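Dear colleague,

Please find below the structure that I am handing over to you. My notes on it follow directly after.

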Amino acid sequence: MLTVYNTLAREKQVFTPIEPGRVRMYVCGMTVYDLCHIGHARMLTAFDVIVRWLHASGYEVNYVRNITDIDDKIIKRSLEAGITPEALTERTIAEMHEDLAKLLLLPPTHEPRATQHVHGMIHIVEGLIAKGRAYPAANGDVYYAVREFPGYGKLSGKSIDDLRAGERVDVDPHKRDPLDFVLWKAAKPGEPQWDSPWGKGRPGWHIECSAMSEHHLGTHFDIHGGGEDLQFPHHENEIAQSEGCHDHTYVNYWLHNGFVRLQGEKMSKSLGNFFTIRDVLKHFDGEVVRFFLVRAHYRSPVNYSDELMRDAKAGLDRLYTALKLCPPTARAPIDWHSDYALRFKAAMDDDFATSDAVAVLFELAAEVNRSGSAELAAQLKGLAGILGLLQRDPEAYLQGGPAAAGEISAEQVEALILARAEARKAKNFAESDRIRDELLKNGIVLEDSAQGSSWRRQ
């Protein structure tokens, strides 16, 4: 029985989908004005694992992850670059897809873009105005009247009277209340704009997710996810918009992942303390990055450092080494009655506790090393595959990884191993040791066996 931590209820709850056997899930995706960083990778990987477990649990999943391709940051960055917003977003979306493929993320069922759903946004705004929960202002903007929605604050646990005006929003003289937020922005010269009943303009940020989720999932669906920084005001405002328009529950379960931290601070572009996914992939294999993120529970904060990344690589190396020493003879189905599979399932059913699930993988790998069981090796590969891990050829993984500047190539390694074999054959053990030391200095570990010498990168 799957339980999930529902931010709205502030407790773990048994997951019961609206429609038996089918899950409708929306996750706030990327604002595509720049490259994705490791904090973004954490969110995207967390919900990728959740989708994979839902699939493994027998659910059909309609997974929607949006793209914000129009907002203030995109307009500002495109002006700085001297290109159109469309050119900037097309380039950045392609870069995002390239990066996420290297982290082994599955594509969502739908990946809508905000600019494709402006009509739906206008329709929701019209509905809110008709119900007295939104109002056009003299400046051409349309605002949500927060105090007209009695449930405002229920997701974040904030009392509307305790919220500080200007804490998260700019004070605007055109608002009836400082806490009101913009649904539609009047056009400014040179900006992208659409026709609307209130004149030319463009949507505010929050309204887009209400419209895109409604289009693909309906006005009431199972799971809404995103980073914990979106809980307030973005997700709070989504609830106000969607429930304010339709007068019924918007989402049953709200899931939020924890931050990636660098030296104790949240990693973010606004703070300037971030590493892009591409920065990290220059030094670590994409699967290592994925393993680093997956081995922590999705709601827990993750500290980032090169030392912790190297520790993750060492752990993933151990798992792959077990498969290399004892390859599965066939792709056997997972035996869900086995002790390892049952404990793996119990971990994942407990709010997707990947940290405990990964611990089961290490226990299973140790048993594979001890017993030499190809059947258990197949179970290891099958269970790890649910997390998006251990699906490559072990030798290709162990010998692969990004080539840092000046790093010794695979061809050079093979040539030195051959030279070492010749030296050993000639009983020139000093030369053999020198070659081993040279390889080790270059991050290459040799493993000698009766079948010859194999190698892996540290």
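A polar contact is a pair of N or O atoms within 3.5 Å; within protein, one must be able to donate a hydrogen and the other to accept it, and residues adjacent in sequence count only if both atoms are side-chain atoms. One such pair joins the side chain of Gln 379, through a polar atom, to the backbone nitrogen of Asp 335 at 2.8 Å.

This is a predicted model, in which local features need pLDDT of at least 70 and side-chain atom pairs count only at pLDDT 80 or more, while totals for chains, interfaces and linings use all residues. Residues are numbered from 1 along each chain as its sequence is written, and side-chain values use heavy atoms, without hydrogens and water.

Gln 379 counts as buried (under 20% relative accessible area, with a 1.4 Å probe and protein chains only) because its relative accessibility is 7%. Beyond residues up to four places away in sequence, Gln 379 touches Pro 333, Ile 334, Asp 335, Ser 338 and Leu 364, where contact means heavy atoms within 4.5 Å.

A nonpolar core is a set of buried Ala, Val, Leu, Ile, Met, Phe, Trp, Tyr and Cys residues joined through side-chain atoms within 4.5 Å. The largest has 79 residues, of which Met 25, Ile 38, Leu 54 and Phe 344 touch the most other members. A second, separate core of 40 residues includes Val 125 and Trp 254. Leaving aside neighbours within four places in sequence, the contacts of Phe 344 include Trp 53 and Leu 383.

Finally, buried residues make up 52% of the 458 residues in the protein chain.

Yours sincerely

Notes
Buried means under 20% relative accessible area, exposed over 50%, partly exposed in between (1.4 Å probe, protein chains only).
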